[in-house]
Structures are given as structure tokens and as C-alpha cells.
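Morning, everyone. I've got one model to walk you through today, so let's pull it up.

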Amino acid sequence: MTEFPGATGLIFNEPLLWEKGKKGRIGMSLPRRDVEACGLDKDLEGDGPDFPDLSELEVVRHYVRLSQWNFGVDAGMYPLGSCTMKYNPKLNEKIASLPGFAEAHPLLPTALSQGALRLIFELERLLAEITGMDAVSCQPAAGAHGELTGMLIIHAFHKNNGSARSKIIVPDTAHGTNPASAALCGYQPVTVKSNQQGILSPDAVAEVMDAGTAGIMITNPNTLGLFEENIREIADVVHKKGGLVYCDGANMNAVLGIVRMGDVGADVLHLNLHKTFSAPHGGGGPGSGPVCVRKSLAKFLPVPRVVESQGAYSLSYNFPETIGKVHAFYGNFGVMIKAYAYILSMGAENLKRASQLAVLNANYIRARLKDVFHLAYDRPCMHECVFSDKLQKQDKVTTLEIAKRLIDYGFHPPTVYFPLVVSGAIMIEPTETESKEEIDLFIEACRAIANEAKENPELLHAAPSKTKVKRLDETNAARHPCLQG
Amino acid sequence: MKQISELNLPDDIRYSEDHEWARREGDAVRVGISDYAQDQLGDITFVGLPNVGDSFNQKEEFGTVESTKAVSELFMPVGGEVLAVNEALVESPGLVNEDPYGAGWILLVKSHNPDEMNSLMTKDDYVKRLKGTE
């Protein structure tokens, strides 16, 4: 019989740190004071912070126990669609923790931080080459921040041309953050519908593209896991009316070394180093969302920019048309180190191979599950495939319950109820880092769940049953959020 | 989720393409979302309401409804001025799930154009439309 990773075992309860310990208990001894005591100015005095009194062991056990409640890609498969939860090679961590990087202070003079500056500079060149763009800023903190930065650059471009434009086209298969980023920049997002094949047609774009529209935000591959095959024609339509093409590159893991968005008409693009380039993700973040642009837009990139002259690197603020600073100091440097280590350790050929395998794995799952889960668009996909609960509805089983039941089998659930164009969507992205055996196990779990939905739906209604905490009351949590411990 | 045959779809109201309903009440029109819409959305956690006195055209977005699954826009089944909003939904958004045609109403509107009511679907047309999307 197949052994799934999900099992039950002894799990430790763990209270909040403030509910542990005892008054006066401490975890370390401070060195004896060897200078005269010197009181604070009375105005600066007040109650100290409410720190718990704990021993070192109590603190260690606290965090070890919490970590045992957690699920991460180091523990099991994490096929969260649109998130590229690939394995984060430990080599990246080793490089990022080299003292010269890890202990560098952001205010060091440039003469003492040449290595760090060179890394940012070279990473920007590598990302430019991978995307087919000319200039890059690694400053944005994550994907949506990269989108906002890109929107500000597009705004600066039109303003510079004396052109007042108020709208941005966003397809219904774009990432959910796209319309929000456009709106945050003051643009009015205009939705266009994808066609019967799940992609955007140039005609649909031509219908809404006008002289009042600043451009289009297109996620490619889109959130149905489909490549926007008409991207070049769409770019032509937008460019002809004076607009710019923003490409959301969050799904770049499908096309590394295969398509360069700069070659097919994108003017601005962001990448997610914490997705495609294997830096930790989610709770393990922070992220990094570099923005890549065409030469004509480089002058608007955030400052400071790392510049090179005769082998020496420095930070330059001398770009008068810049949109300004978008992050403290120079962005999330630790993430950049991990992405740089990943790119160099993989090399061009292996990056391409990673994308090919990511696409192959998704298509393998698509083909092996399409007889038990309804496939929203029955055609080859890119790095992720989108099913729905249509076949399970007759047994009163929904996507949410299928996802919860997967937890019992030891897998992180996929993304659910997104994209919105598919009712009850189940969006699976295995990435290239899972082995065939692991993917087969996942497929077998999904097939077993589809069978349970027919024969024993109670198992799904009650799921998850093996976890420390059972089904959470999401409705109550959303209606009456309790934001304090 | 409910089968179409299990839906509560009164025949004294009209339905829009976007699953809002409209009921004539004297000179005014009461507006909410259909049993199908609340069932599809799942437990509703927040309803974003417009202000009394705001005016909207037919099909214009007037608010949002948020469930544990997604945020959806609300569109005017008929154009008009907002006479009242259901303040009870601020504290108890679940009323939309429990009683979509009664306590879960969303707006009371002073309609600009009485003909707009006639452009909406009857129960029979709405059921046909729902069957088409299955």
C-alpha cells in the first residue's frame, strides 16, 4: 500500500511566551558594569517594554515547537499555484551568510562595500539578459511593490511626454495585485476578458486601447497557466496608440531561457526573486521584485543606482528624472545574494532546463488528473494547471474541502478559488524541484480524494483531521478578527 | 453548493446578469443579491455599501461583497439615487447568506427610469441563464 507523508504523532502544545517563565528568570548574564552608572534624562524615562522572563531553554523549545506546527517546502510538496514554491537550495543560504555580506552595514562607505555593490550590479545585468531588457533596479521589496514601481515609471514616461492618460488595461487572467497596483498609482483599471482559449485576443485589447490609456498590465504566462500567444500583436496594438506594455513576470519560471519578454514587446517587467530565483518565500521572506525596463525608460528607475566606472562600483543619485527611492537603502539585499547564487550555480542551460521541467511536471499532473477533476481549459499548460470542483459538486463536495483533505495526506493545498475566471478553481504548480516519485504520490492522493468525495464525502467535510488544529472558522475570523494575543 | 432546483428564486422580483435582484416597492426599488450569488460566494464577511444620496447608472458598480473566497463587485440592476442602505449588514454581513431577499437586502433606490425594471430577467429567464452557465 502506498505510504503518504501525512501521519499523526505527538505534537507539543505551546503557550505564548508571556504565559511562560517566572519573574526574574533570565537567559543570559550581562558583563559586570565597569563604568559609573549614568541616569537617563527624566523626560526619556518611562515604563520598560513588557518582556517575558525566560531561560534560554524555554525560548529554544518555544520556537522549535512552533516550527513543528509549520509546513514548508523543506517538509513537503507545496504546489501553491501562481507562487512557484520551489525548493530553496541551501547553497544560497551559505553564500548569503558569508560574513562579508551578512555583516555589511548599509551605510558603509563604497570603498568598503565593493563586493556587495558588484553583486547588485552583476545581478541586474544577469536579470537584464534573462528578460531581454536593458536596465534593472533591484530596489522593490516584492512583486506588488515591483508592479507599483513599474506603474510609477509608466506614469513618469507619459508625464515626460506631456501626455495625460488615466487608464490601464488589465486582463481578467492577470494577477490579482495588478489592478490594485494600477489603482494605487492613480490609474483606473479597465478589465478585458480572455477568450475561449483562456488567453487574450488582440481585438479585445484594440477595443479598449485609446489615447487616454497609459498601457496594459499583462501576466505572461497568465493565471490560467497559459502562455499569452498573442503578446506581440497585443504589444503592437498598445504601442500604436502610444501606450506601454507592463509584463507581470511572476510566472517567469515557465519560460526562462525560452522567451525573453523584452523580445516580444514588453517595456517594463518585474520579476520575483523569491519565486523564480529560489529565494525563500512567504513567512520565510522577505521578497524582492526587481523592475526591468527598456533603455528609453532607464532614466526613470529608482535611485540610488549602482554604477560602474573602471572596475569601481558606486551608488549614484544623479538621475534627475528618477521616480525616486522606493525602499530603505537599496532593497532586500539578502534576497539578491540568494538569487545571484542561484543563477550562477545553475548557469544558462540549467535555468532553461528548470523551466522545461516545471512545464513538464505541470502537464504531467494535468494529464494524470483530468479524468477525476474537471479541467477548466483542456489544452497544454505552462508551469501550472487549473482544475475545478465541477465534477464533485453533485456530491456536495467543494474545492475548499478537497484542499483541506490534501493536508491529511501530507501535502500543502494548492491555490484555491483563483483565478476568478474559473468557478471553484484549484490551481496546481508543482515546480521543477519535485521528483517524479513525489509528484506521483501527490497524484495518487488527489485521486484517492476524488474517490472519497464520491464514496465517503464526510471525510472531506471533516478535513483536516490529522492536524493539530482542525478546520478553522474562517468566516468568524474574517467577520470578527482578533488581532491581539 | 446548491443545485439549480434547490435555489430559492422568488417570482415577484427581477434578476440581473450579475445576479443582483430588484423588487419594486411603491416608487422605490429594493436591491440585493440572489440566492445563487450568495451560495456561490459562500460565507459573506463584508459588504461595502455606498452612501445614501449617491447616484448610479444601471450596471454601474455601487459596492463590493467579500466572502472567504473572493471579493466581488456589486452592480446596479436599475439606475437611480440611493435612498437607504442596509446598515445591519455592517455588523452582520451573514444576513445576505441567511435571508438574501429579506433581512439581507442591500439598497433601496429611487429609480431614474422605470423601463429599466423591464430590461431585467424574470425568474424563468434567470433559471434558463443559470442552466446555461452550468
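Okay, so let's start at K69(B). Setting aside anything within four places in sequence, this lysine is in contact with Y417(A), L41(B) and G42(B). Bear in mind that what you're looking at is a predicted model.

Why pick that residue? UniProt, in an unreviewed entry, puts the feature "modified residue: N6-lipoyllysine" at K69(B). On the chain, K69(B) sits in a loop, with strand 6 (61-67) of chain B before the loop and strand 7 (71-75) of chain B after the loop.

So is K69(B) buried or exposed? K69(B) counts as buried, because there are 23 C-beta neighbours inside 10 Å, and the cut-off for buried is 20 or more.

Now, the two chains together. On the chain A side, eight residues are in contact with seven residues of chain B. Split by class, that chain A side has three nonpolar, two polar and three charged residues.

Over to chain A itself. Again from an unreviewed entry, UniProt lists residues 354-455 of chain A as "domain: Glycine dehydrogenase C-terminal". That stretch of chain A is 45% helix and 12% strand, and its end C-alpha atoms are 39 Å apart.

Last stop, a hairpin. In chain A, strand 8 (residues 305-309) and strand 9 (residues 312-316) run antiparallel, joined by five bridges. If you want a pair to look for, V307(A) is opposite S314(A) of strand 9. Two residues lie between the strands, and Q310(A) in the turn has a positive phi of about 50°.

That's my tour, thanks for listening.

Definitions and conventions
Residues numbered from 1 in each chain as written. Chains lettered and ligands numbered in written order. Predicted model: local features only at pLDDT ≥ 70, side-chain atom pairs only at ≥ 80, totals over all residues. UniProt positions renumbered as here; feature names shortened; annotations may be inferred. Helix = DSSP H or I, 4+ residues; strand = E, 2+ residues; numbered from the N terminus. Pairing = 2+ DSSP bridges. Contact = placed C-beta atoms within 7 Å. Nonpolar A, V, L, I, M, F, W, Y, C, P; charged D, E, K, R; others polar. Buried ≥ 20, exposed ≤ 12 C-beta atoms within 10 Å, placed from the backbone.
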